[in-house]
Amino acid sequence: MSVGKNIPHDSAKTHVTGESVFVDDRPEVRGEVHVGIVGTTVASGILAGIDAEEALRDPDCLGVYTAADFHAKKWGTIVHDQPFLVIDRIGYHGEPAVLIASKTRDSVERIKRKIRLKEEAHPGIFSIDEAKAQGAVLHRAPSPFRQGDPEGALASAPHRLQGTFRVGGQEHFYMESQAAIAYPLENGQVEVHSSSQHPSETQRVVAEALGRSFHDVVCVVKRMGGGFGGKESQAAPIAAYAALVADRLKRPARMVLTKDQDMIITGKRHPFQNEYEIGFDGEGRILALKVQIQSDGGAYTDLSGSILERAMFHVDGAYFIPNVHVEGVCYRTNYHSHTAFRGFGGPQGTMTIEAILEDIAAVVGKDPAEVRSLNLYRGDRVRTPYGQQVENNLLPEIEKRLRLSSDYEVRLQKIREHNARKCGTVKGISLTATKFGIAFTARFLNQANALVNLQLDGTVQVSTGATEMGQGVNTKIGQIVAHALGLPMERVRVMPTSTEKNSNTSPTAASSGSDLNGMAALRATDRIRARLIALAKLKFQGTVSTMERELEVLEAPLDPGFEFRDGQVREISTGKEVPLLELIQTAYQNRISLSGYEHYKTPGLGFDKVKVSGKAFGYFTQGMAVSEVTLDEYTGELKVDRTDILMDLGRPLNPGIDSGQVTGAFVQGMGWVTSEHLYYNDRHALVSHSPTTYKIPNVQDTPRDFRVSFIENDGNPQTVHGSKAVGEPPFLLGTSVWTAIKHALSFRNGGRPVEIVSPATPEVILLALEKAKGRNVR
């Protein structure tokens, strides 16, 4: 059977042989044109005019397009406030202002240089503090999360700390940049092939941009070369640019951004600046927390409101806080419109409490792991700040097992001995946790649909709204269907995602791709199985089908007394069996459908954001990591010596793919908190917009000793085969590297709390060491 096995990714071989087809690999067709973007050169101001005369004289230029050419002038996922192209007000440096259409790819840049923008620069907003002072708010959470009496508990707490936690943004750095090709069809229709996590959103935005009905637009997604959230919303305007040119010229149009263009134009992970006051006792037990979650949304709303709220949902991390008050505000600045990124605000929330716990441990003079253990959700202390209970809580068991398997106490003692020698390096170790809520916080998005077609030769085609971006969702869905029909995996093909087969779909995001689409595919398959089982019963009875029996078969419920295995359909109680292929032929000859279409919605969800009550998440994916680091005291260089991760993923659909997701998410999270620094110049233009200036982790940055394991958990029956989501939760464990850095620095800071920002680049580390050295000299 297929479920639970380490079946290779369905594109593994074609990826390594170069046969996988991405958007820009589609062959050019006759008459195809290339689309380029001209961006603004000021970060805030007015676009007073556009001079395109010289560009239009270029023999390769087929057209120049501005905001006036769009039917709808603005787009957005929540609020329609972002212009397709600058109308008048400039929101950020590099904002798209003009499109050009060129005969060849090579002439795009030449034509772009001939466009002249008349810009008036105005003062802008370039920090959360400036936005606060000017009241530039994009979104404010409807209500605070509140439990107990935080003011009273703070007033009576033996110890209190106040501070501001600052964490920077992050570039998605997917291998395939934003790309789309639009093909104009008859009767005003358009077919768009897009590198998008949300085909239905792309379909809608393209239709609105052109002034067409949704049924005139089809969006197809074969695969993406990475997404990480960056293609959830911001792929849509790229597709709209290609579609506009294709519609105007009645020729196919290709829009493919270079890595530099992509990084300059598109939004990043939101920077956060969270102000807190916390009260705790002499043991380090948290008594009360008040926190103001503050994010930099950039110039336009995008998904910032939902990201802010998920940060609020995750500010407790894995720890019980009896008295708590959490508020959230997202501010407008003159940077790119920040957007979804793996974790969707959860990492910025969780990292806040992990940073605070490090400082609490320093104040009370205890090992940070002991303080974390003291505050961990356990027993009857499982109520979150938003009122939901942490059910099926494996955090205490995970902690117990991981501390043993990682030799935490032994290594901690060796680190203390090493640091006492003062040999030019200083070491640190840290244990942090993830408790990631699984569901879209927008309840209506928790739905999916699937179409399963069983062919006459016993092979299967599966279509869902899930989009494949390398995470293996297609492989998992294929396994689910193959398992249900008792077929080998190679007999099942998961098809490209298309809005004409699966409409009104949700984005492949929130770690829910397999949960939602896998369950929809299973239900669609079960509908076919129910009909085949009903036919098998008739065969065993020797009864000839009649019209009445056809209807009976079509409406048959699924009988659990049968199993599909090794190409046979078997009645468990009698041992009777019939070949699946024979049943398929019988069904076809008796006009019984061999296709199944089903819709699925996550049950039990319903959270009132105003009243702060209800169930926000279906369940929590839990895990912990122990990371050990070495810092060079002369250069600030960081080495991650070892990381141990223990995750609760329920009953994994594919342990091999899930292990890859855990390691990849951790390394990406580690990069966010250590090396990935976004640099802007004095004109507020992004300087770090290429691999030469923006440092993602390479193989030399990964832990020298990297161990990943899963804990057994059969307590998640509401999901497909009892599995748990894996895409985002391990990302939060990258924080353990940052807290290990704080731990190492504390040895040179006299055991006092260490204030550092994230990312903790070598410069940040070296400055912290120098500051500690000066303090100790005094």
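Reader: Happy to have the structure in front of me! Where does Gly76 lie?

Author: Welcome! This is a predicted model, and in it Gly76 sits in the loop between β4 (74-75) and β5 (82-83).

Reader: Why is Gly76 called buried?

Author: The relative accessible area of Gly76 is 3%, and buried means under 20%. The value falls under that cut-off, so Gly76 counts as buried. Leaving aside neighbours within four places in sequence, Gly76 is in contact with Glu201 and Arg204.

Reader: How far apart are Gly76 and Ala236 in sequence and in space?

Author: In sequence 160 residues separate Gly76 from Ala236, and in space their C-alpha atoms are 9.3 Å apart.

Reader: What makes α6 and α7 oblique to each other?

Author: Helix α6 (residues 199-210) and helix α7 (residues 235-249) cross at roughly 40°, with axes that come within 9 Å. Roughly parallel would need an angle under 35 degrees, and roughly perpendicular one from 65 to 115. The crossing angle fits neither range, nor the one over 145 for roughly antiparallel, so α6 and α7 are oblique. The crossing is right-handed.

Reader: Which residues of α6 and α7 meet?

Author: From α6 come Glu201, Thr202, Val205, Val206, Ala209 and Leu210; from α7 come Ala236, Pro237, Ala239, Ala240, Ala243, Leu244 and Asp247. By class, this contact has 10 nonpolar residues, one polar and two charged. Two names return here from the Gly76 part of our chat: Glu201, which touches Gly76, and Ala236, whose C-alpha is 9.3 Å from that of Gly76.

Reader: Now the other helix pair. What makes α10 roughly perpendicular to α11?

Author: Helix α10 (residues 346-364) and helix α11 (residues 368-375) pack at about 115°, and their axes are 8 Å apart. Angles of 65 to 115 count as roughly perpendicular, so α10 and α11 get that name. This crossing is right-handed.

Reader: Which residues make the contact of α10 with α11?

Author: On the α10 side they are Glu354, Leu357, Glu358, Ile360, Ala361 and Val364, and on the α11 side Pro368, Val371, Arg372 and Asn375. Six of these residues are nonpolar, one is polar and three are charged.

Reader: Is Thr735 buried or exposed, and how do you know?

Author: Thr735 has a relative accessible area of 3%. With buried set at under 20%, Thr735 is therefore buried. Thr735 lies in helix α19 (residues 735-747), and beyond the residues up to four places away in sequence it touches Met351, Glu354 and Thr432. Glu354 also takes part in the contact of α10 with α11.

Reader: Why does Ser498 count as buried?

Author: Ser498 is at 4% relative accessibility, and the cut-off for buried is under 20%, so Ser498 counts as buried. Ser498 is part of strand β23. Setting aside neighbours within four places in sequence, Ser498 makes contact with Val218, Cys219 and Val220. Arg748 is another matter: Ser498 and Arg748 are 250 residues apart in sequence and 57 Å apart in space, C-alpha to C-alpha.

Reader: I like backbone oddities. What is the phi of Ser511?

Author: Phi is positive there, about 60°, although Ser511 is not a glycine. Ser511 is in the loop between β23 (497-498) and α15 (513-541). Its relative accessibility is 15%, which is under 20%, so Ser511 counts as buried.

Reader: And why is Asp566 called exposed?

Author: Its relative accessible area is 64%, and exposed means over 50%, so Asp566 is exposed. Asp566 also has a positive phi, near 55°, and is a residue other than glycine. Its loop runs between β24 (562-565) and β25 (568-571).

Reader: What kind of peptide bond joins Ser758 and Pro759?

Author: A cis one, with omega about 10°. Pro759 belongs to the loop between α19 and α20 (762-777).

Reader: Last one, on the whole chain. What makes it as compact as a globular protein of that length?

Author: The chain holds 20 helices and 32 strands. Its radius of gyration is 28 Å, and the globule rule gives 28 Å for 778 residues, so the chain is as compact as a globular protein of that length. The C-alpha trace spans about 95 × 75 × 50 Å along its principal axes. Of the 778 residues, 62% count as buried. Among contacts between residues at least 6 apart in sequence, 80% join residues at least 24 apart.

Methods: Residues numbered from 1 in each chain as written. Predicted model: local features only at pLDDT ≥ 70, side-chain atom pairs only at ≥ 80, totals over all residues. Heavy atoms only, no water. Axes fitted to C-alpha atoms, helices over the stretch in contact; angles between N-to-C directions. Helix = DSSP H or I, 4+ residues; strand = E, 2+ residues; numbered from the N terminus. Left-handed = near helix turned anticlockwise from the far one by under 90°. Contact = heavy atoms within 4.5 Å. Nonpolar A, V, L, I, M, F, W, Y, C, P; charged D, E, K, R; others polar. Rg over C-alpha atoms; globule rule 2.2 N^0.38 Å. Buried < 20%, exposed > 50% of the residue type's maximum accessible area, 1.4 Å probe, protein only.
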